[in-house]
Amino acid sequence: MPPVLSAMAAWSWRLIVIGVVIYFSTQIIVRLSFVALPMAIALLLTALLFPITDRLRRGGLRPIWATWITMLFAFAIIGGLGFIIGTRANDEFPGLVDQIQKTARDVQGWLLTGPLHLKQTQLTDMVEEVAKQINAQRSAITSTLLSTAAVFIEVLASIVLLLFITFFLLKDGDRIWMWFLRGFGSAAPRVDRAGRAAWHTLSQYIHGTVIVAGIHGVIIGIVLFGMGVPLWAPLAVLIFLASFIPIVGIFFAGGLAALVTLGAKGPVFALVFIGILVVEQQLENHVLQPLIVGRAVKFHPLAIILVLAIGGILGGIAGAAIAVPIAAVVYRALPELRRNPPELPPATPHEPPPEGPPAAPEPPADRAPAAGKDMSPQHSG
């Protein structure tokens, strides 16, 4: 058999085995998505909050109290942001509706008197067609709302599970890791190195991503506020959350903000906002990501897009959000599993050097020592 064919056959059956393992592993994860997704998100939250818990524990607090303080601090931040956003949305939503109606009248007038010279009957027919399509899809919309209610219950249960997992990882993460390592026997040192490298990468990724997302939210919030766009605070928070999905999230959230700007302030302000959004996105790609997150995740944009697509297919929006950090963790952990530990330097003798005159020099090569005579430093002199 030719050597090339033999090598191709060896590679083929190995790739087939790997593909089968990946396929069945993926199916198991999909079936257990109710547990797998909360577990993955809990790991991200633990990496984000652990520095606070660790500092409190180093300050002398017991693990249980340090964990509770950390969790309550996170709840306070989330609750405060939710209260501010809810209050702003309740105050500004009526004004947004009025501005959208005014913009719609302006656009209608432009369509009638502008270069298109549409007739009122044509606009009426277009509106009636849209209403007809909505009525035709009413049953589908109703079923979607009903399924959304079931999904809401599942999401609520997942959030409860997520909080429990995060709490115990913050409180007993080191003990859980040591218990996990005991199952690998002699391979435990390799697994320990891989786990520590993965945790370091995950911590760098989540902290860097929070910083980048915060910069996104602040810049876009200031731009929307300066333009006088209603609901600027909720839109800024939405862009902050969407920034956790690299490349794709900012465009979806930015598109929604552009639509609100179009409805509230007109096409000129919307075009200006889109231009600022594109510039800010380029700033992220070429400055923020390489400096802040690039040390942890050095992926090509094509690899990120593929990972996001796979994560979105398997887990929806949540899968897309956790796909990149999971890929980064695996990418950093595998080399540590393969790497051999560095050899330790030779141990230094524990016996003190002998006292007395220096040892006699060794005889030349042509003069062998007498049989039975010990020439070691301990016996010489």
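**Helix packing and aromatic pairs in an all-helical model**

In the predicted model, the side chain of Lys265 lies over the face of Phe269, at 5.5 Å from the ring centre. Lys265 is the last residue of helix 8, which covers residues 248-265, and Phe269 belongs to helix 9, which covers residues 267-293. Just after helix 8, Gly266 takes a positive phi of about 100 degrees.

The protein as a whole has ten helices and zero strands, so that the order of elements from the N terminus is α-α-α-α-α-α-α-α-α-α. Of its 381 residues, 27% count as buried, and about 25700 Å² is exposed, with carbon and sulfur atoms supplying 73% of this area. Among contacts between residues at least 6 apart in sequence, 71% join residues at least 24 apart.

Helix 8 has 18 residues and reaches 25 Å from its first C-alpha to its last, a value close to the 26 Å expected at 1.5 Å a residue. Its buried residues are Gly249, Ile250, Ala253, Gly254, Ala257, Ala258, Val260, Thr261, Gly263 and Ala264. An α-helix has 3.6 residues a turn, so residues three or four places apart point the same way. In helix 8, such spacing is found among the buried positions, including Ile250, Ala253, Ala257 and Ala264.

The largest nonpolar core contains 15 residues, of which Ile220, Leu224, Ile239 and Phe273 touch the most other members. Two or more residues are given to this core by each of helix 6 (188-227), helix 7 (232-242), helix 8 and helix 9 (267-293), and the largest share, five residues, comes from helix 8. When residues up to four places away in sequence are not counted, Leu224 touches Val229, Trp232, Leu235, Thr261 and Phe273; of these, Thr261 is one of the buried residues of helix 8, and Phe273 is itself among the core members that touch the most others. Apart from this core lies another, of 13 residues, among them Ala40, Ala47, Ala194 and Leu202.

Thr46 is placed in helix 2, which covers residues 33-58, and is buried, with a relative accessible area of 3%. Leaving aside neighbours within four places in sequence, Thr46 is in contact with Thr166, Leu169, Leu170 and Trp199. Of these partners, Thr166, Leu169 and Leu170 fall within helix 5 (residues 138-181), whereas Trp199 falls within helix 6 (188-227).

Aromatic side chains form eight pairs in the model. In one of them, the rings of Tyr23 and Phe24 have their centres 5.4 Å apart and their planes at 80 degrees, so the pair is edge-to-face; Phe24 counts as exposed, at 51% relative accessibility. Another pair, formed by Trp68 and Phe167, is tilted, with 5.0 Å from centre to centre and 55 degrees between the planes. This pair links distant parts of the chain, since Trp68 lies in helix 3 (residues 63-113) and Phe167 in helix 5 (residues 138-181), 99 residues apart. The two partners are not covered alike: Trp68 is partly exposed, with a relative accessible area of 42%, whereas Phe167 is buried, with a relative accessible area of 13%. Ring pairs link Trp68 and Phe167 with Phe168 into a cluster.

Notes:
Residues numbered from 1 in each chain as written. Predicted model: local features only at pLDDT ≥ 70, side-chain atom pairs only at ≥ 80, totals over all residues. Heavy atoms only, no water. Phe/Tyr/Trp six-rings, centres within 6.5 Å; stacked < 30°, edge-to-face > 60°. Buried < 20%, exposed > 50% of the residue type's maximum accessible area, 1.4 Å probe, protein only. Helix = DSSP H or I, 4+ residues; strand = E, 2+ residues; numbered from the N terminus. Lys NZ or Arg CZ within 6 Å of the ring centre and 35° of its normal. Expected span 1.5 Å × (residues − 1). Contact = heavy atoms within 4.5 Å. Areas by Shrake-Rupley, 256 points an atom, 1.4 Å probe, with all protein chains shown as cover. Core = buried A, V, L, I, M, F, W, Y, C linked by side-chain atoms within 4.5 Å.
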